[in-house]
Amino acid sequence: MSDIKKVLVVGGGIGGLCAAVALRRCGIAVDLVEIKSEWTVYGVGIIQQSNVVREMARLGVLDRYLDAAYAFEDVGIYDLQGNPLVRIPGQRLAGPQYPANVGISRLALHQVLSETAIEAGTAVRLGTTVDSYRDDATGLSVTFSDGSVGQYDLMVGADGVYSKIRSMLFGETYIPRFTGQAVWRYNFPRHPSIDHLASFTGPGGNAGLVPLADNLMYMFSTSHEPENPRFAHDVLAQTMRDRIGQVGGLVGELREQITDNSLVVYKPMEVVFVNEPWFKGRVLLVGDAAHATTPHLGQGAGMAIEDALVLAEELVGGGSIQECLQRFMTRRFERCKYISENSIMAGEREMARDPDFDRIGLTKAMLKLTAEPI
Ligand SMILES: Cc1cc2nc3c(=O)[nH]c(=O)nc-3n(C[C@H](O)[C@H](O)[C@H](O)COP(=O)(O)OP(=O)(O)OC[C@H]3O[C@@H](n4cnc5c(N)ncnc54)[C@H](O)[C@@H]3O)c2cc1C
């Protein structure tokens, strides 16, 4: 066991909450600060693949998580007219009694993780961030935005793609970059045929339907937006309908039901990758703060969750804090780099409308890699 007794987690998103739960399970005291005073997340969903289901089991939240989710097995890939191309069978990595994959609303996931973190003993403060810190031989002294001060053995920056903690560590070296694409999302009542992840792909676009609950699914679609426009609220539904104009099948049938501007969730894709160890001294980055990528492989949150579990394992694995963090990096760097680079590559091939882009091969390669032990 290393000498880590008290950790500060900065950011109460998926990565920060999983880190808090994993550290508490190891008996480490955890304070978590979240900058938002109302701890809300936007109301669409997220795909969680078999490696995430496995990590949720290791985190000890699997039953509760599955209760809040829609479990499914296969990934179906279709052409843009809805004709099936391939069905990729799911891998039951958490055990034969558990499903392979999950779709879950972000609100439901947040509820499961935040309740679990608090029940496990995490001290959460909302509307608070880190103003400054001093890292010396005696430990880490952190001054918060409310003027209070705390002493810690380690600070974990889980504060997302625009991480303040990353700027404190690396200055302006790593600035998020817009890739040229954006994602459109919209919730619908679940269609009976969407009992699996359905991905519609071709040189003219990329869309999908993801089951989230018995009565809920969401549609996503990527679009090329080279000028990174900001759309007025009152044109969102019409613009989403325009952007998916080339997609047929069920996506095309649902298109006319995209009418409520307030239900359209539009997000430009922004990426950043810290191409050197994600720690200095007693400060470490995890999740999007270290490796935010595009959603093309549906693994951004998956990598944040894996970071959390591996961090807790290494902190109780013995040696100095620097040795623990170095072991963490050895287990995380190449895996996250692969996901990051290949997600971005998929988007670039889409934007180039490359007819030779082997999306099916890439999906299979990603599933093989993420099924491997970390
Ligand atoms: C369109 C889209 C679709 C996606 N779909 C999927 C998917 O299907 N599957 C998947 O696995 N991943 C997906 N992702 C990626 C996934 O959402 C992210 O990788 C994941 O949310 C990262 O979690 P995080 O905790 O690192 O960061 P975040 O979720 O961004 O959380 C950061 C938290 O830190 C807080 N914070 C920010 N600054 C501060 C500060 N200074 N002090 C304190 N708190 C702060 C924020 O308020 C937030 O609560 C998608 C991403 C996008 C953009």
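## Strands, a covered helix and two spaces in a predicted model

In this predicted model, A207 stands opposite S221 in strand β16. The pair belongs to a longer ladder, since strand β15 and strand β16, the latter spanning residues 216–224, run antiparallel and are joined by seven bridges. Between β15 and β16 lie two residues, and the two strands form a hairpin.

On its other partner, β15 is joined by five bridges to strand β14, residues 197–202, and this pairing is antiparallel too. Here A198 is placed opposite L209 in β15, and the connection from β14 to β15 is again a hairpin, made through two residues. Strand β15 itself covers residues 205–213 and is mostly covered, with eight of its nine residues buried.

A second group of strands is arranged in the parallel sense around β12, residues 154–157. The table sets out the pairings of β12 and β15.

| Strand pair | Direction | Bridges | Example of opposite residues |
|---|---|---|---|
| β14 and β15 | antiparallel | five bridges | A198 and L209 |
| β15 and β16 | antiparallel | seven bridges | A207 and S221 |
| β1 and β12 | parallel | four bridges | L8 and M155 |
| β12 and β19 | parallel | three bridges | G157 and L285 |

Strand β1, residues 6–10, pairs with β12 over four bridges, and L8 has M155 as its bridge partner in β12. Strand β19, residues 283–285, is joined to β12 by three bridges, with G157 standing opposite L285. In a regular strand, side chains point alternately to the two faces of the sheet. In β12 both of these faces are covered, for L154 and V156 on one side and M155 and G157 on the other are all buried.

Beyond β12, in the loop that leads to α5 (164–170), lies G160. Is G160 buried, exposed or partly exposed? With a relative accessible area of 22%, G160 counts as partly exposed, because buried means under 20% and exposed means over 50%. G160 and A289 are separated by 129 residues in sequence, yet their C-alpha atoms are 4.5 Å apart in space. Leaving aside residues up to four places away in sequence, G160 touches R166, D288 and A289.

Q299 also sits in a loop, in this case the one between α8 (288–291) and α9 (300–315). Its relative accessibility is 1%, so Q299 counts as buried. The side chains of Q299 and N51 are joined by a polar contact of 2.9 Å. When residues up to four places away in sequence are not counted, Q299 touches Q49, N51, I339, M366 and T370.

The partner residue N51 is one of the buried residues of helix α2, along with S50, V52, V53, R54, E55, M56 and L59. Helix α2 spans residues 50–59 and is mostly covered, with eight of its ten residues buried. The residue that follows α2 is G60, which has a positive phi near 80°.

S50, which is among the buried residues of α2, also appears in the lining of the largest cavity, together with E73, V75, I88, P89, G90, Q91, N101 and L367. Rolling a probe the size of a water molecule over the atoms shows where empty space is left. The structure holds one cavity of 30 Å³ or more, and the space within the largest cavity comes to about 40 Å³. Its lining is mixed in class, with four nonpolar, four polar and one charged residues.

The second largest pocket returns the account to the β15 and β16 hairpin. Its volume is about 270 Å³, and of the 18 residues that line it, G204, G205, T222, H224 and R353 lie nearest its centre. At least two lining residues are supplied by each of β15, β16, α6 (236–243) and α10 (321–351). Which element gives the largest share of this lining? The answer is β16, which contributes four residues. By class, the lining of this pocket divides into four nonpolar, ten polar and four charged residues.

Terms used
Residues numbered from 1 in each chain as written. Predicted model: local features only at pLDDT ≥ 70, side-chain atom pairs only at ≥ 80, totals over all residues. Heavy atoms only, no water. Buried < 20%, exposed > 50% of the residue type's maximum accessible area, 1.4 Å probe, protein only. Pairing = 2+ DSSP bridges. Polar contact = N/O pair within 3.5 Å; in protein donor to acceptor, adjacent residues only side chain to side chain. Contact = heavy atoms within 4.5 Å. 1 Å grid on protein atoms, 1.4 Å probe; cavity = no way out; pocket = protein on both sides within 12 Å on 5 of 7 lines; lining within 4 Å. Points joined across faces, edges and corners; volume = space filled by probe spheres on them. Nonpolar A, V, L, I, M, F, W, Y, C, P; charged D, E, K, R; others polar.
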